[in-house]
Amino acid sequence: MNAALVDIGAGTSDIAITDENTVIAYGMVPVAGDEITEAISDHFLLDFSDAEKVKRELSIQETVQITDILGLENTHKKSEVIDPIIDTIQDLALSISKEILKLNGKAPKAVMLVGGGSMTPHLPKLIAKALELPESRVAIRGADAIKLLKLNEASLYGPELVTPIGIAIAAKQNPI
(Lines give C-alpha, C1' and ligand atoms only; values in the text may rest on other atoms or scores of the structure.)
Protein backbone atom coordinates (compact mmCIF):
# COMPACT_ATOMS: atom_id res chain seq x y z
CA MET A 1 0.00 0.00 0.00
CA ASN A 2 1.28 3.47 -0.83
CA ALA A 3 1.24 5.31 2.49
CA ALA A 4 3.23 7.95 4.35
CA LEU A 5 4.28 7.67 7.98
CA VAL A 6 5.17 11.03 9.51
CA ASP A 7 6.88 11.21 12.90
CA ILE A 8 6.44 14.79 14.09
CA GLY A 9 8.86 15.44 16.90
CA ALA A 10 10.10 18.62 18.50
CA GLY A 11 12.62 19.74 15.89
CA THR A 12 12.00 17.64 12.79
CA SER A 13 9.22 15.85 10.99
CA ASP A 14 10.54 12.56 9.64
CA ILE A 15 8.74 10.93 6.73
CA ALA A 16 8.79 7.36 5.42
CA ILE A 17 6.93 6.42 2.25
CA THR A 18 5.83 2.82 1.72
CA ASP A 19 4.66 1.02 -1.39
CA GLU A 20 4.56 -2.65 -2.39
CA ASN A 21 5.34 -3.82 1.17
CA THR A 22 8.58 -1.87 1.54
CA VAL A 23 9.87 1.57 2.42
CA ILE A 24 10.60 3.33 -0.86
CA ALA A 25 11.71 6.77 0.40
CA TYR A 26 12.76 8.66 3.51
CA GLY A 27 12.74 12.38 4.07
CA MET A 28 12.78 15.03 6.73
CA VAL A 29 11.64 18.60 7.13
CA PRO A 30 13.23 20.84 9.78
CA VAL A 31 9.84 22.02 10.98
CA ALA A 32 7.92 20.35 13.81
CA GLY A 33 6.31 20.81 17.20
CA ASP A 34 8.72 23.42 18.52
CA GLU A 35 7.49 25.92 15.91
CA ILE A 36 3.99 25.59 17.32
CA THR A 37 5.29 26.00 20.87
CA GLU A 38 7.27 29.09 19.83
CA ALA A 39 4.19 30.63 18.19
CA ILE A 40 2.18 30.12 21.39
CA SER A 41 5.05 31.51 23.46
CA ASP A 42 5.36 34.59 21.26
CA HIS A 43 1.67 35.38 21.03
CA PHE A 44 0.78 34.82 24.69
CA LEU A 45 4.09 35.99 26.25
CA LEU A 46 4.93 32.63 27.79
CA ASP A 47 8.16 30.93 28.72
CA PHE A 48 8.86 28.08 26.30
CA SER A 49 8.08 25.40 28.90
CA ASP A 50 4.75 27.04 29.75
CA ALA A 51 3.89 27.32 26.06
CA GLU A 52 4.73 23.61 25.63
CA LYS A 53 2.32 22.78 28.46
CA VAL A 54 -0.42 24.86 26.81
CA LYS A 55 0.21 23.15 23.45
CA ARG A 56 -0.16 19.70 25.03
CA GLU A 57 -3.33 20.72 26.84
CA LEU A 58 -4.92 21.88 23.57
CA SER A 59 -5.20 18.27 22.41
CA ILE A 60 -7.17 17.15 25.47
CA GLN A 61 -8.95 20.20 26.89
CA GLU A 62 -11.46 22.75 25.60
CA THR A 63 -10.01 25.53 27.77
CA VAL A 64 -6.48 26.27 28.97
CA GLN A 65 -5.18 28.33 31.86
CA ILE A 66 -2.38 30.70 30.87
CA THR A 67 -0.15 32.78 33.15
CA ASP A 68 2.11 35.02 31.07
CA ILE A 69 5.58 36.34 31.94
CA LEU A 70 3.98 39.42 33.53
CA GLY A 71 2.00 37.23 35.92
CA LEU A 72 -1.35 37.88 34.24
CA GLU A 73 -3.58 34.83 34.45
CA ASN A 74 -6.29 34.10 31.89
CA THR A 75 -8.45 31.21 30.80
CA HIS A 76 -8.74 30.80 27.03
CA LYS A 77 -10.97 28.63 24.89
CA LYS A 78 -9.12 26.25 22.63
CA SER A 79 -10.10 28.31 19.58
CA GLU A 80 -8.72 31.49 21.17
CA VAL A 81 -5.29 29.85 21.36
CA ILE A 82 -5.42 28.19 17.94
CA ASP A 83 -6.68 31.16 15.90
CA PRO A 84 -3.55 33.32 16.37
CA ILE A 85 -1.21 30.41 15.56
CA ILE A 86 -3.14 28.82 12.69
CA ASP A 87 -0.67 30.20 10.11
CA THR A 88 2.16 28.38 11.90
CA ILE A 89 0.12 25.16 11.93
CA GLN A 90 -0.62 25.67 8.23
CA ASP A 91 3.11 26.15 7.52
CA LEU A 92 3.87 22.86 9.29
CA ALA A 93 1.17 21.05 7.31
CA LEU A 94 2.41 22.48 4.01
CA SER A 95 6.06 21.64 4.73
CA ILE A 96 5.15 18.03 5.51
CA SER A 97 2.82 17.76 2.51
CA LYS A 98 5.36 19.19 0.05
CA GLU A 99 7.99 16.71 1.23
CA ILE A 100 5.54 13.81 0.90
CA LEU A 101 4.74 14.89 -2.67
CA LYS A 102 8.43 15.29 -3.48
CA LEU A 103 9.30 11.84 -2.12
CA ASN A 104 6.29 10.02 -3.55
CA GLY A 105 5.63 11.97 -6.74
CA LYS A 106 1.93 12.06 -5.87
CA ALA A 107 -0.35 11.97 -2.85
CA PRO A 108 -0.24 8.61 -1.07
CA LYS A 109 -3.39 6.62 -0.32
CA ALA A 110 -3.08 7.42 3.41
CA VAL A 111 -0.97 9.37 5.88
CA MET A 112 -0.31 8.19 9.43
CA LEU A 113 0.89 10.78 11.93
CA VAL A 114 2.82 9.82 15.06
CA GLY A 115 4.97 11.64 17.58
CA GLY A 116 4.02 14.31 20.07
CA GLY A 117 3.73 17.01 17.39
CA SER A 118 1.06 14.99 15.60
CA MET A 119 -1.43 16.10 18.23
CA THR A 120 -1.27 19.68 16.98
CA PRO A 121 -4.87 20.81 16.51
CA HIS A 122 -6.11 20.87 12.89
CA LEU A 123 -2.88 19.35 11.56
CA PRO A 124 -4.42 16.18 10.08
CA LYS A 125 -7.17 18.21 8.39
CA LEU A 126 -4.67 20.69 6.93
CA ILE A 127 -2.40 17.91 5.63
CA ALA A 128 -5.40 16.19 4.03
CA LYS A 129 -6.37 19.44 2.34
CA ALA A 130 -2.82 20.08 1.06
CA LEU A 131 -2.60 16.53 -0.34
CA GLU A 132 -6.17 16.63 -1.67
CA LEU A 133 -7.06 13.54 0.36
CA PRO A 134 -10.27 12.88 2.27
CA GLU A 135 -9.81 13.87 5.93
CA SER A 136 -10.41 10.24 6.91
CA ARG A 137 -7.19 9.26 5.07
CA VAL A 138 -4.94 11.30 7.39
CA ALA A 139 -4.95 9.97 10.94
CA ILE A 140 -3.06 10.24 14.20
CA ARG A 141 -2.03 6.76 15.30
CA GLY A 142 -1.12 5.70 18.79
CA ALA A 143 0.87 2.72 19.97
CA ASP A 144 -2.34 0.70 19.75
CA ALA A 145 -1.55 0.48 16.01
CA ILE A 146 1.52 -1.68 16.77
CA LYS A 147 0.17 -5.22 16.40
CA LEU A 148 3.08 -6.84 18.25
CA LEU A 149 2.48 -4.70 21.34
CA LYS A 150 0.37 -6.06 24.19
CA LEU A 151 -1.24 -3.07 25.86
CA ASN A 152 -2.15 -2.97 29.53
CA GLU A 153 -4.18 0.21 29.18
CA ALA A 154 -4.54 1.72 25.69
CA SER A 155 -5.03 5.28 26.93
CA LEU A 156 -1.43 5.36 28.19
CA TYR A 157 0.05 4.72 24.75
CA GLY A 158 -0.50 7.81 22.61
CA PRO A 159 1.22 8.87 19.38
CA GLU A 160 4.20 10.30 21.25
CA LEU A 161 5.25 6.75 22.22
CA VAL A 162 4.97 5.04 18.83
CA THR A 163 8.57 5.66 17.76
CA PRO A 164 10.31 4.62 21.01
CA ILE A 165 8.13 1.50 21.28
CA GLY A 166 8.82 0.66 17.63
CA ILE A 167 12.55 1.02 18.22
CA ALA A 168 12.35 -1.27 21.25
CA ILE A 169 10.44 -3.93 19.31
CA ALA A 170 12.91 -3.73 16.41
CA ALA A 171 15.86 -4.04 18.82
CA LYS A 172 14.32 -7.11 20.42
CA GLN A 173 13.66 -8.76 17.07
CA ASN A 174 17.07 -7.89 15.61
CA PRO A 175 19.56 -7.48 18.45
CA ILE A 176 22.92 -5.98 17.54
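How do the residues of the lining of the second largest pocket divide into nonpolar, polar and charged? The model examined here is predicted. In this model, three of the lining residues are nonpolar, six are polar and five are charged. Glycine is counted among the polar residues here.

The pocket itself has a volume of about 210 Å³. Its lining is made up of 14 residues. Closest to the pocket centre are E52, K55, R56, G116 and G117. Two helices, α1 (33–44) and α2 (48–58), each contribute at least two residues to this lining. The most comes from α2, which supplies three residues.

The pocket belongs to a protein chain of 176 residues. Six helices and seven strands make up the secondary structure of the chain. Along the sequence, the pattern opens with β-β-β-α-α. It then continues as β-β-α-α-β-α-β-α. The chain therefore begins its pattern with a strand and ends it with a helix, where helices and strands are DSSP runs numbered from the N terminus.

Burial and contacts complete the description. Of the residues in the protein chain, 40% count as buried. Buried here means under 20% relative accessible area. The exposed area of the chain is about 10100 Å². Carbon and sulfur atoms supply 54% of that area. Contacts were also considered between residues at least 6 apart in sequence. Among these contacts, 47% join residues at least 24 apart.

Note on methods:
Residues numbered from 1 in each chain as written. Predicted model: local features only at pLDDT ≥ 70, side-chain atom pairs only at ≥ 80, totals over all residues. Heavy atoms only, no water. Helix = DSSP H or I, 4+ residues; strand = E, 2+ residues; numbered from the N terminus. Buried < 20%, exposed > 50% of the residue type's maximum accessible area, 1.4 Å probe, protein only. Contact = heavy atoms within 4.5 Å. Areas by Shrake-Rupley, 256 points an atom, 1.4 Å probe, with all protein chains shown as cover. 1 Å grid on protein atoms, 1.4 Å probe; cavity = no way out; pocket = protein on both sides within 12 Å on 5 of 7 lines; lining within 4 Å. Points joined across faces, edges and corners; volume = space filled by probe spheres on them.
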